[in-house]
Amino acid sequence: MSRRNRVLVIGLDGASLNVILPFAQNGIMPRMKEIVEQGAVGPLMSVTPPVTGPAWASFLTGRQPGKHGVFDFVKATPGSLIRKPVNYTDIKASNLISLISGEAGKTVCSFNVPITYPPPVVNGFVVTGMLTPDTDATFTYPESLKQQLETRFGPYVLDVFWQRFTDNTAEQFLNELIDYEKQKLGAAKELLSQREWDLFIAVFTGTDRIQHALWHVIEAILDGKTLSPKEERLKPLIRDYYALIDRSLADLVDAAGEETTVFFMSDHGFGSLNKKFLVNAWLRQKGWLSYDLEQIRKINRRQSFKKILKQNLMRFPVVYNLLRKKGPVSLEKRMNTYQFLNLIQWPHSTAYSVSNTEQGIYINLKGREPYGIVNPGIEYENLRDDIMDALRTLRAPTDGRQLVSHLYRKEELYQGPHKDNAPDIVFFLSDGEYLADVRLTEHLWEEVSWTTGRGTHRKEGLFIAYGHGVRKGTRVDANIVDLAPTVLFLLDIPISQDIDGTILDSVFEEEFLNQKAPQYAVAGNRAEEESEVFSLSEKEEEKVIQQLADLGYM
């Protein structure tokens, strides 16, 4: 199976150099140490804000969200408050899967890549990743591959939903995460070894899940700090998890062969979460958003009771799982912009935030929003300026430092045919140490816990190039949009002229570069009216929304 110009891309969701490199040096990940020493290494800058959905779409397309159309895990429904989960057909630009398999006629294998459901028809195979509704759906192409996987590796596990655990069940979470990753790594190795391919993309998401839930324990391992006895018991399991990743990824690289160029990459990095900032409560405090506070108090009391009940029930997994299997909540109740938007008093509200992962604010604009009251033009621009000025005055409740580290009008951040679908204001607080939360409350700040997560996303992810043609010992600064044109270059496929990324030629040996010349083609965006459209069923939408909640994103 060895041939020239093969590319293996290994995605480690949320992986960071500030974790992987120390673990490589201290013996937890010895094979990664060898790979780093023999390769090109550096940070990989994500999209702004560093959100999983648009980041993976940018990896696949080599374009920023304004050109591919994915800004979040969900998308707005014109003229309605309803948000619906995105799917593969919402990526409105040519991408690595479609280009390599279709127009180039090469073989592509995509394993567990987010936003690839429903699986496209390819020359090769697809096993869909995050945002797949369940394993009853057709999540593989060809469809027969599902049976092959389950015969070999048992019932297929989509993800480990860490919000279904608590501090008291953290050991169970880690054991299930290790079992989950063993299945994924074993399946990826078998598929890679037994099938022909020009491009093999495999994504492993456990690195993101473990860091959201247990970042403070990972930091304690890195810093040599002692934690409580209960948390100390988690350290060996965390080391075991990263050692498993190290051994298994090395197996993938070995199986790919010496003439394969290998890229390790992540969709974003990670760091500690200090507090949550309740952005809609802040907008209310400033007079831009209106809701009945007494009604909110009653709802929040009920939610607090349900949370305590859930945590107690989770001590009895059999009972808890039986209760989770009860009939689904109606789509309208679940999806009507997460219920809370129905509680906003729209005739008195000029701005609002809708999604924890968007990190943005929308103006309640006439002609665009269902209950818009702000006039386009001067009124819109003045209001947006006022809100941005107020955001600049935000101070951390702990030490009084300025919080806003990134602040944009949408047109400053995004270009392309889909830029108008972005929030009117996009912001990022203290590079991620503070995370905006959209819940309607009467307080502005929330302390971190298992429920909030103790770690969250950063813009600086991980990039390592290794293998055929790679210059050893090179330091590189890369952007997530650079991966697609670099892969296309290696596979001798023309690169669209409207792509945002550039070829990472600094990571390759001069002799290798002299043997290849990049090819370019006219703009390759798929026209929205020409691209296929796929809609999840109501039940599937509800399942995906619940998954996002169980991953801490809602």
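**Figure 1. Lining of the second largest pocket in the predicted model.** The lining of this pocket is made up of 36 residues. Those nearest the centre of the pocket are Lys-75, Ala-76, Thr-77, Pro-78 and Asn-421. The space in the second largest pocket comes to about 900 Å³. Strand 3 (74-76) supplies at least two residues of the lining, and strand 4 likewise supplies at least two. Sorted by class, the lining has 15 nonpolar, nine polar and twelve charged residues. Rolling a probe the size of a water molecule over the atoms is a way to show where empty space is left.

**Figure 2. Surroundings of Asn-87 in a loop.** The loop that holds Asn-87 runs between strand 4 (83-85) and helix 5 (96-103). The relative accessible area of Asn-87 is 2%, under the 20% limit, so Asn-87 counts as buried. Two polar partners of the Asn-87 side chain can be picked out in this view. One is the side chain of Thr-89, with a polar contact of 2.5 Å. The other is the backbone oxygen of Phe-534, which lies 3.0 Å from a polar atom of the Asn-87 side chain. Leaving aside residues up to four places away in sequence, Asn-87 touches Lys-75, Ile-115, Tyr-117, Pro-118 and Phe-534. Lys-75 is also among the residues nearest the centre of the second largest pocket.

**Figure 3. Helix 3 and its covered residues.** Helix 3 spans residues 52-61, and ten of its ten residues are buried. They are Thr-52, Gly-53, Pro-54, Ala-55, Trp-56, Ala-57, Ser-58, Phe-59, Leu-60 and Thr-61. Gly-62, just after helix 3, takes a positive phi of about 75°.

**Figure 4. Aromatic pairs, with Phe-23 and Tyr-242 as one example.** The structure holds 23 aromatic pairs. In the pair formed by Phe-23 and Tyr-242, the ring centres are 4.9 Å apart and the planes stand at 70°, so the pair is edge-to-face. Phe-23 belongs to helix 1 (residues 17-25) and Tyr-242 to helix 10 (residues 235-256), so this pair ties together parts that are 219 residues apart in sequence. Phe-23 and Tyr-242 are both buried. A second edge-to-face pair is that of Trp-56 and Phe-59, because their ring centres lie 5.7 Å apart with the planes at 85°. Trp-56 and Phe-59 are three residues apart in helix 3, which means that about one helical turn separates them. Both of these residues are buried.

**Figure 5. A cluster of aromatic rings.** Five residues are shown here: Phe-277, Trp-282, Trp-288, Tyr-434 and Trp-445. Ring pairs link these residues into a cluster. In general, the distance of the centres and the angle of the planes describe a pair of aromatic rings.

**Figure 6. Ile-210 and the residues around it.** Ile-210 sits in helix 8 (residues 206-223). Its relative accessible area is 0%, so Ile-210 is buried. Not counting residues up to four places away in sequence, Ile-210 touches Phe-173, Leu-174, Leu-177, Trp-215, Ile-218, Ile-238, Tyr-241 and Tyr-242. Tyr-242 is also the ring partner of Phe-23. Trp-162 is 48 residues from Ile-210 in sequence, while the C-alpha atoms of Trp-162 and Ile-210 are 8.1 Å apart in space.

Definitions and conventions
Residues numbered from 1 in each chain as written. Predicted model: local features only at pLDDT ≥ 70, side-chain atom pairs only at ≥ 80, totals over all residues. Heavy atoms only, no water. Helix = DSSP H or I, 4+ residues; strand = E, 2+ residues; numbered from the N terminus. Buried < 20%, exposed > 50% of the residue type's maximum accessible area, 1.4 Å probe, protein only. Polar contact = N/O pair within 3.5 Å; in protein donor to acceptor, adjacent residues only side chain to side chain. Contact = heavy atoms within 4.5 Å. 1 Å grid on protein atoms, 1.4 Å probe; cavity = no way out; pocket = protein on both sides within 12 Å on 5 of 7 lines; lining within 4 Å. Points joined across faces, edges and corners; volume = space filled by probe spheres on them. Nonpolar A, V, L, I, M, F, W, Y, C, P; charged D, E, K, R; others polar. Phe/Tyr/Trp six-rings, centres within 6.5 Å; stacked < 30°, edge-to-face > 60°.
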